[in-house]
Amino acid sequence: MKNQALNIDNNPENKDVRVVTKKSKKNKGKWKRSESTYGYLLVAPALLLILMIAIWPVLQSFYYSLFDLRLNNPTKSEVHLSYNIDLDRYLNNFPFLLGGIDNEIRSGNAPEQLEKIKQKLTEIDQKVQDSKGIKTQYDKVNEKLTNFEQIDQKLSVAKLDKDTAQSVLKEVNEVNEELGKVASTMKLSQEKKLLGLSAGLGDSIIKPNFIGFKHYQDNLSERRMWNALGNTVLFSVISVAVELVLGLAIALLINKVFFGRGLIRASILIPWAIPTAVSALMWKFLYDGQNGIVAKLFEDIGLVDSMSKLLTTDTGAMFSVIFADVWKTTPYMALLLLAGLQTIPSSLYEAASIDGAGKWRQFISITLPLLKSSLLVALLFRTLDAFRVFDLIYVLTGGGPANSTETISILAYKVMFSQTNFGEGSALSVIIFICVAIISMLFIKLLGKDLLNDSSEK
Amino acid sequence: MQKKAGPFFYLFLTVFVLIVMFPFLWMAISSIKPVTELFGDKAFTPYTKNPTFQNYVSVFVDFPFLRYLWNSFVVASITTIYTVIVASFAAYAIARLNFKGKTVILGIVLSVTMFPQIATISPIYIFLKNVGLTNSYLGLIIPYTTITLPLSIWLLVSFFRKIPFDLEEAAKVDGASMMQTYWKVILPLAVPGVFTTAILVFIAAWNEFLFALTINTDDEYKTVPIGISLFQGQFSIPWGEISAATVVVTVPLVIMVLLFQRRIVSGLTSGSVKE
């Protein structure tokens, strides 16, 4: 390698030697000064992207987890720290309610009580209009509504101070009650419409959906969460342990010179390279209760008493999932460990055997200690991967039967995208994040500084 | 422990390869069986007397499988190109230049590779939905950065570090600027490493599931893993088609692995990085 460097130095096409020395003197200072500037400049785009697309969302997840956030509920589909009023909704309601009441009064249905209610409603409206900074927005929305124009969310939602909002809500409730009373004693011509409109009026006030740590409390006291966490731990511990033992055994066995290494390496890489979803689908076919060859095989060797039990019983499903994961990642584990084994100088083993150490002794006192950091790194990444397992289980069992293979990622996904409860789902994903952080910290403590070992610092 | 391999060893290897490859072989056999032989007694025979390509035809005719392949290809390629470019600058700086805080930066990069994707999905989904990027290529390329960028920085740093430092010294002496050194000296030598990183990033983006599942729900924009796993027949799961689709997805991967196995292994084991 040194030669290569010298070659460049001696390159005849390079400029005059004197010029070079002069230039290099000037350059050295410039390099030093500019080196860190360039360094920051070059790192900046990547760092910025990581901040925006990875770190910021995690913080935001935590923020969302403090709110009652539901995408299918229009009043809760966004984070609201304060009271707001949906003017679009309000103005689609209020004038018609007032008009309806006027009609009833004109046709002589309980005019006295209704007059009182009307009085109250106008007071409420006045209160809303008088609220700070709402008037212009109120008029704009009103104008657009009369012109049948589309109103966007931004224009429609206005901030309402807490006191006004609460008193408006209280009074709207009173109006609701009184109207209900009138309707129960008297026959109104448009009873249903009026009651509906007055009930809808309250919905236009958007309450703050900040709920603090309630999602965490709920989750931590819910059995389903603990069940999912238990499944995740069970899956991770068993699959990683089996993969480690098998992977190490395979690595030790194939750590020698033999014909056809390329073939072995390729066949090791293929399960790793195909999409997990595709391999899960493949196993779903092989495990099939009626036509699955692997299920049949398991039945024939007595592992299960009937093929159909593989995917329909709790233990059967968990076993199937772990087995599929072991199939997909053991070869990869073996590959990582093999790379570690190949860095151990064979002279150590020769010396050991001269000293009369047996195979087992050599394994314990040479292989394991020297393989420690490779082992831990492989374990760290595999454990984290296993802990956040999603696609394998989602495709193979969907978390079933009866949630017996539901891991915490699957649960978080279901809460977020099937129940559209993003607040609770975010809380679950923060819990996953914390677990992952704890696991990595434990491993990094074991690994020490090996992981970030910077060989460029001489 | 460089021992000679005996016959038992080769027997073991054969068994090992057979076990590892068995699911693929079985899928390949099933894909050419006629539908009637996928169920019942014949489901367990490892051959068929009436091979047919009906399943393969059906995959492309009855399902928008070509569309899925194209979507995956577009998303994975763009992600790979842009991440590797951004990452190579950062990795060059971290590996070759001296500035304060680079160990911290590398630490951040490493910890981001450990982030569970599910922890970022709710804000990313809400953001993409608000700006109207769900069901688009960009909607996947953006979140894929969380996975691919830290991975490629991590890989590239270890590749860049392997390039001898004398070269830079020489370039300095010759009066090359920082950028010239990067483009003319370091990058040409780093090409194998950059290529390896690109392969691994491409595979990671091609295989991604969670973001693809949640963000692109429209058939127009589904990627291969999602497309296949949501294959639905009229009455039952169309195993014949699924087998054929699996083969279609696996064959190019096998070719790629055979061609680039050395590179992939060097990438996977450099710094013992995750998938």
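No salt bridges are counted between chain B and chain A, a handy starting point for reading this predicted model. Polar contacts do occur across the interface of chain B and chain A, where eight residue pairs qualify, both partners at pLDDT 80 or more. Helix α11 of chain B, spanning residues 239-269, contributes the most to the side of chain B that touches chain A, with 16 residues. Sorted by class, that side of chain B holds 81 nonpolar, 24 polar and 13 charged residues. The contact as a whole draws on 112 residues from chain A and 118 residues from chain B. Together the two chains bury about 10,600 Å² between them, and 76% of this area lies on carbon and sulfur atoms.

Turning to chain A itself, the domain assignment splits it into domain 1, residues 84-206, and domain 2, residues 216-451. The centres of domain 1 and domain 2 of chain A, taken over C-alpha atoms, are 59 Å apart. One element from the range of each domain is described below.

Helix α20 of chain A covers residues 408-418, and nine of its eleven residues are buried, so this helix is largely enclosed by the rest of the structure. The buried set runs through A:I408, A:S409, A:I410, A:L411, A:A412, A:Y413, A:K414, A:V415 and A:M416. What encloses these residues? The cover comes from both chains: from chain A it includes α11 (223-254), α18 (359-387), α19 (391-396) and α21 (422-447), while chain B supplies, among others, α5 (118-130) and α9 (210-215). After α20 of chain A comes A:T420, which has a positive phi, near 45°.

For a close-up at the level of a single side chain, A:S198 is a good place to look. This serine sits in helix α9 of chain A, residues 191-203. Is A:S198 buried or exposed? With a relative accessible area of 2%, A:S198 falls under the 20% cut-off and therefore counts as buried. Its side chain reaches the backbone oxygen of A:L195 at 3.3 Å. Leaving aside residues up to four places away in sequence, A:S198 touches A:L97, A:V172, A:N176 and A:L179.

Notes
Residues are numbered from 1 along each chain as its sequence is written. Chains are lettered from A and ligands numbered from 1 in the order in which they are written. This is a predicted model: local features need pLDDT of at least 70, side-chain atom pairs count only at pLDDT 80 or more; totals for chains, interfaces and linings use all residues. Side-chain values use heavy atoms; hydrogens and water are left out. Buried means under 20% relative accessible area, exposed over 50%, partly exposed in between (1.4 Å probe, protein chains only). Helices (H or I, at least four residues) and strands (E, at least two) are DSSP runs, numbered from the N terminus. Contact means heavy atoms within 4.5 Å. Buried area is the accessible area (1.4 Å probe) that two parts lose on being put together, summed over both. A salt bridge is a side-chain nitrogen of Lys or Arg within 4 Å of a carboxyl oxygen of Asp or Glu. A polar contact is a pair of N or O atoms within 3.5 Å; within protein, one must be able to donate a hydrogen and the other to accept it, and residues adjacent in sequence count only if both atoms are side-chain atoms. Ala, Val, Leu, Ile, Met, Phe, Trp, Tyr, Cys and Pro count as nonpolar, Asp, Glu, Lys and Arg as charged, and the others, Gly among them, as polar. Domain bounds come from an automatic or database domain assignment.
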